[in-house]
Amino acid sequence: MRIALGQINTTVGDFSGNARKIVDYTRQAAAQGAELIVFPELSLTGYPPRDLVEKSSFVQTCESMLEKLARDLEDTSIPVICGTLAQADNAEGKHLHNSAVVLHGGKVQFRQDKMLLPTYDVFDEGRYFAPAEKQSITFIGDRKVAISICEDAWNDQHYWARPLYERDPIAELAAQGADLIVSVNASPYHQGKRSQRHEIFSKIARRHNLPLVYVNQVGGNDQLVFDGSSFAMDATGKLLSTGCSFGEDLLIVDLEKGTGPQRQNYSDEHEAIYQALVLGTHDYIRKCGFGKVLIGLSGGIDSALVAAVAVDAVGAENVIGVGMPGPYSTDHSLTDARELAANLKIRFEVSQIRDAYEVFLKTLNPLFAGLSPDVTEENLQSRLRGVTLMALSNKFGALVLTTGNKSELAVGYATLYGDMCGGLAVISDVPKTLVYPLCRVANNRHANAIPENIFVKPPSAELRPDQKDTDSLPEYDILDKILEDYIEDVLPPHVIAERNQLPIDLVRNIVTKVNRNEYKRQQAAPGLRVTSKAFGIGRRYPIAQGFTE
């Protein structure tokens, strides 16, 4: 069987646009001799639709568009498998299923409902959908095909030490005599996810002695970036074909001959993370209707990375860098920012905040009488920069990209209503120690556009004389080890201290900072997820709480 994998970039709620892609890719696949084409999970609605599925108008539009899609595909010679919503038949519980349908001959010929509904990390499908009670194989041509929807293939009892679910849908479908497994997915990217998928599905293929195809959504939808990276495997778990990562693709795989294209998939994980940021930034800007972006360029490493990503995402002509020197800014901050902008060929403007800062101090001095200068005056500078960027955003119709990294956001080393102002936090899931290798990736792409001085100078907020980040924080290689253990691995302080041979008081201090600054993070711009545990959609902690470790 020659199977086409339609790895498409969908937009949530854009039914007509998503349907056009399905029709276009189907016609291309049929012209290339495919006998079946498969599209991702909820490809008609876009994923994740979240609370839109609670709108009756959204569901009704989905149903009518599915009927229209079937009619539009009637003249094609091949069946189509795509993801959609379906009404549940049950009298109680949720009234919708997350489903995959087979379209052929102008009609829905078969429907498979998702059985396992994830409610961990970034997923909340139990909030919206009813689980399938049973699943069945279907005939496509003379092949008995097992159609699986994302999580339904992620509960292999032989892979996980502690499976999340009692049932294994793949095993149940294989027991019905399936000849082929078709897995439709909306599986978001994080570092290491692509190799994990290969490992899991290779074990599935070998265990059941069945070939399989895996098609995944690609593109950014809000905080989630989907990498695509679709693939096909033979019954031994050997990769026959791999789709590109972070781009749309159409793969034609011949299962009998064991052939199919092998696309570029960014084998270097730093390259992959960088490209995930580019794709997520591009799609957030495009799907939200913006054309231009603004970035505060401080001459530091974080804003340099965001600027490079922005250029790759929307083009240099759509990026505006703004230098905003204050009373404690060093000369190299402005010269480094200007050189960076020139190298990236982006527009660069300067708007100093010194005069405004003096006016504010004069205004506030009567209220501050008898009080010593402290972090208040430092934050005032950052907030003046935020006001400047937001004013330019309003005037130019450009989206502000914030430049805070994960390490800073974790411990509150970012100013609310200051450098946290903006519409998208591009690197909020990038630890400081990861910023540097990502900037090297950027320089490989942009002919060393980021000046070397930006790499070597000590990080500083420059909000008081001779300030360094290490005045308030440990070295970033130590800080990031603590943060990874606490945020991603959810380890208690004493274990973190023992594992890294660090003073327990240091670890407790960092953990306390993380917990106390939850209120800031919940007011931050949405950020792009590239690690296994990002702030935002995948990490839900209370602000007002009394638990300490």
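**Exercise 1. Give the volume of the second largest pocket and describe its lining.**

Solution.
Step 1. In this predicted model, the second largest pocket has a volume of about 450 Å³.
Step 2. Its lining consists of 21 residues, and those closest to the pocket centre are Y120, F123, W154, W160 and Q196.
Step 3. Sort the lining of this pocket by class: nine residues are nonpolar, five are polar and seven are charged.

**Exercise 2. Work out the strand order of the five-stranded open sheet, and find which strands stand at its edges.**

Solution.
Step 1. The order is 17-16-15-18-19, and the pairing is parallel.
Step 2. Strand 17 (347–350) and strand 19 (424–425) each have a single partner strand, so one side of each lacks a neighbour in the sheet. These two strands are the edges.
Step 3. Now take one pair inside this order. Strand 15 (residues 292–296) pairs with strand 18 (residues 398–402) in the parallel sense, over three bridges.
Step 4. Put residues on that pairing: K292 has A398 of strand 18 as its bridge partner.

**Exercise 3. Which strands do helix 7 and helix 9 lie across, and at what angles do they run?**

Solution.
Step 1. Start with helix 7 (residues 331–344). Helix 7 lies across strand 16 (319–323) and strand 17. Its angle to strand 17 is about 160 degrees.
Step 2. Go on to helix 9 (residues 375–396). Helix 9 lies across strand 15, strand 16, strand 17 and strand 18. Its angle to strand 15 is about 165 degrees.

**Exercise 4. Place E133 and decide: buried or exposed?**

Solution.
Step 1. E133 sits in the loop between strand 5 (107–113) and strand 6 (138–140).
Step 2. The relative accessibility of E133 is 68%. The cut-off for exposed is over 50%, so E133 counts as exposed.
Step 3. List its contacts. Leaving out residues up to four places away in sequence, E133 touches M115 and R167.
Step 4. Compare sequence and space for E133 and K114. They are 19 residues apart in sequence, and their C-alpha atoms are 9.0 Å apart.

**Exercise 5. Describe the hairpin of strand 10 and strand 11, and the burial of strand 10.**

Solution.
Step 1. Strand 10 (residues 218–221) and strand 11 (residues 224–227) run antiparallel and are joined by four bridges. One of the pairings sets G219 against F226 of strand 11.
Step 2. Two residues separate the strands of this hairpin. In the turn, D222 has a positive phi of about 60 degrees.
Step 3. Check the faces of strand 10. V218 and G220 lie on one side, G219 and N221 on the other. All four are buried, so both faces are covered.

**Exercise 6. How many cavities of 30 Å³ or more does the whole structure hold, and what lines the largest and second largest?**

Solution.
Step 1. The search finds three cavities.
Step 2. The largest cavity holds about 60 Å³ of space. Its lining is T402, G404, L409, A414, D419, M420, A425, A524 and A525. By class, that gives six nonpolar, two polar and one charged.
Step 3. The second largest cavity has a volume of about 40 Å³. V514, N515, E518, R521, R539, Y541, P542 and Q545 form its lining. Helix 15 (504–516) and helix 16 (518–521) are the elements that give two or more residues to this lining.
Step 4. Class the lining of the second largest cavity: three nonpolar, two polar and three charged.

Note on methods:
Residues are numbered from 1 along each chain as its sequence is written. This is a predicted model: local features need pLDDT of at least 70, side-chain atom pairs count only at pLDDT 80 or more; totals for chains, interfaces and linings use all residues. Side-chain values use heavy atoms; hydrogens and water are left out. On a 1 Å grid over the protein atoms alone, a cavity is a set of points where a 1.4 Å probe fits but cannot get out, and a pocket is an open set with protein on both sides within 12 Å along at least five of seven lines; lining residues have an atom within 4 Å of a point. Grid points are joined across faces, edges and corners, and a volume is the space filled by probe spheres set on the points. Ala, Val, Leu, Ile, Met, Phe, Trp, Tyr, Cys and Pro count as nonpolar, Asp, Glu, Lys and Arg as charged, and the others, Gly among them, as polar. Two strands pair if DSSP finds at least two bridges between them. Contact means heavy atoms within 4.5 Å. Axes are lines fitted to C-alpha atoms, for helices over the stretch in contact, and angles run from 0 to 180 degrees between N-to-C directions. Buried means under 20% relative accessible area, exposed over 50%, partly exposed in between (1.4 Å probe, protein chains only).
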